[in-house]
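Me: Could you take a close look at one part of this protein for me? I'd like to understand how a sheet is put together and what packs around it.

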Amino acid sequence: MREDDTVNLPAPEQLSRRAEEALVKCGAKLDDAEGALVARTPITGTALRTVAVSDAEDVDRAIAAAHETFVQWRSVPAPQRGAVVRRLGQLLTEHKADLAELVTLEAGKIPSEALGEVQEMIDICEFAVGLSRQLYGKTMASERPGHRLMETWHPLGVVGVISAFNFPVAVWSWNTALALVCGDTVVWKPSDRTPLTATACDALLARAARDVGAPAGIHMLVQGAADVGERLVDDSRVALVSATGSVRMGRTVGPRVAARFGRCLLELGGNNAAIVTPSADLDLAVRGIVFSAAGTAGQRCTSLRRLIVHNSVADEVVERVAAAYGQLKIGNPFDNGVLVGPLVNHLAFEAMQTALDKARIDGGTVVCGGERRSEFGDGRYYVSPALVRMPAQTPVVKEETFAPILYVLTYDEFDEAVALHNAVPQGLSSAIFTTDQREAERFLSTDGSDCGIANVNIGTSGAEIGGAFGGEKETGGGRESGSDAWKAYMRRATNTVNYSDELPLAQGVEFT
């Protein structure tokens, strides 16, 4: 039987054509270059097209242009800066389907998730436009008569954005929309696995800038491998480096930026857990667990990786999650009804198998899943989400594997559950399923979850843009998106105004 007879995967040339059509609709240039970066799709494992790689001189020119433009852009009133973000939001709405098409092609997300990611971009644009009239400082009481004490916020400079493949457009928009209204300019280095979505986003923002008369240098795109990002990390003209990726990457980026006294905003690993208590609504819990663990084929930083279940309900929860996993349709994300697309590449699959082998050595039992779906052929890495019961939280359970593996641990006392939850080096997202208010409040309290995101009766993934996004410990401590995350993109000045005809000193000091 031929491979094409067993599964419904589109022909590679069809996917290439779809990518080109989406790029054209977004206004992107399609110039190919020899020796360029090859954009591939995990759907078939084949090339879509090529994108020019930025060399050292290209990166230097991009940073120089952004730095020069910043001197002009920072003096534009914030509400006027918001106009370019408003226009970007309009263009994203107009080209939502086109950009989502590219997200599915390059990241392998099902269309519903890809459209949701673009909607997140639209939402953050709306948030940022409102923010452009709300960059508030404070007025504080002065101890000296006839004096006013206050703080003001000012544009910071060039923001370097380094983003990952799994959210190829949303994370860029979180940073860029806020940076632009704050008066900063942006140089973006996207993942080398998703260069086409980046090209489309850059084209849409360039059009937005032209439409409202903003300078072109407010946003510059550089493409390539890690060496391109390293130039942003090491350049003193880049005031803030916002980097999304692995803990290993963060350990390199953080010290290098700190060495030149720059700022870092790090969004790193997540090893997220959910506690299921005896009082939990199990229908609700299972739905939340399955989406959080299997959505995006487990390739979200907020994916659920550890399930901590009370012994009294553990067998039932495992049975119900395994049954739900058995109903998940795996395959071509463009097909109707498919809920789980492919892993991004062979490295992700190998990491998944290594983790499962370690779990078995540590006494774990694979309840279901974990295997590669061979019917999709060579060069394509479709897997069944794995559910693994573990006797204890062994070293492999404390590691983040960017694949759909859900480890199940059990507990007897609530304090034990919280301790298990917090006993990992990462601290991004967390959840508890309970109808007991005391347990819910305890989970959200100071001695509860130690993560940057703590949820009650929803899963660990699917954050809204209104709240600040980020985590603690090895997750990096950065905050993006909503709330007061905008402060990372500005510098604070404390001001004292003397409107009297005296000159008293603070703390009662006399100097006459």
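Reply: Happy to help; here is a walk through one open sheet, followed by a helix pair and one further strand. Please keep in mind that this is a predicted model.

Let's start with the sheet. It is an open sheet of 5 strands, in the order β7-β6-β5-β8-β9, and the pairing is parallel. At its edges you will find β7 (219-221) and β9 (263-267), each of which pairs on one side only. Between neighbouring strands of this sheet there is a turn of 15° on average, direction ignored.

To see the pairing up close, go to strand β5 (residues 158-162) and strand β6 (residues 185-189). These two are joined in the parallel sense over 5 bridges. A handy place to look is G160, which stands opposite V187 in β6.

Now for the helices on this sheet. Helix α9 (residues 226-234) packs on it and touches β5, β6 and β8 (238-244). The direction of α9 makes about 150° with that of β5. Helix α10 (residues 247-259) also packs on the sheet, where it touches β8 and β9. For α10, the direction makes about 170° with that of β9.

Next comes the helix pair. Two packed helices are described by the angle between their axes and the distance between the axes. Helix α5 (residues 96-107) and helix α8 (residues 195-212) pack at about 160°, and their axes are 8 Å apart. Angles over 145 degrees count as roughly antiparallel, and α5 and α8 are therefore roughly antiparallel to each other. Their crossing is left-handed. On the α5 side, the contact is made by L99, L102, V103 and E106; α8 contributes P195, L196, T197, A200 and C201. Sorted by class, this contact of α5 with α8 has 7 nonpolar residues, 1 polar and 1 charged.

Finally, have a look at strand β14 (residues 405-411). This strand is mostly covered, with 6 of its 7 residues buried. Strand β11 (residues 304-310) runs parallel to β14 and is joined to it by 5 bridges; here R306 has Y407 of β14 as its bridge partner. Strand β13 (residues 386-389) is parallel to β14 as well, joined by 4 bridges, and L387 has L406 in β14 as its bridge partner.

If you are viewing this on screen, G160 with V187, R306 with Y407 and L387 with L406 are pairs you can pick out to follow the strand pairing described here.

Terms used
Residues are numbered from 1 along each chain as its sequence is written. This is a predicted model: local features need pLDDT of at least 70, side-chain atom pairs count only at pLDDT 80 or more; totals for chains, interfaces and linings use all residues. Side-chain values use heavy atoms; hydrogens and water are left out. Axes are lines fitted to C-alpha atoms, for helices over the stretch in contact, and angles run from 0 to 180 degrees between N-to-C directions. Angles under 35 degrees count as roughly parallel, over 145 as roughly antiparallel, 65 to 115 as roughly perpendicular and the rest as oblique. A crossing is left-handed if the near helix is turned anticlockwise from the far one by less than a right angle, and right-handed if clockwise. Contact means heavy atoms within 4.5 Å. Ala, Val, Leu, Ile, Met, Phe, Trp, Tyr, Cys and Pro count as nonpolar, Asp, Glu, Lys and Arg as charged, and the others, Gly among them, as polar. Buried means under 20% relative accessible area, exposed over 50%, partly exposed in between (1.4 Å probe, protein chains only). Two strands pair if DSSP finds at least two bridges between them.
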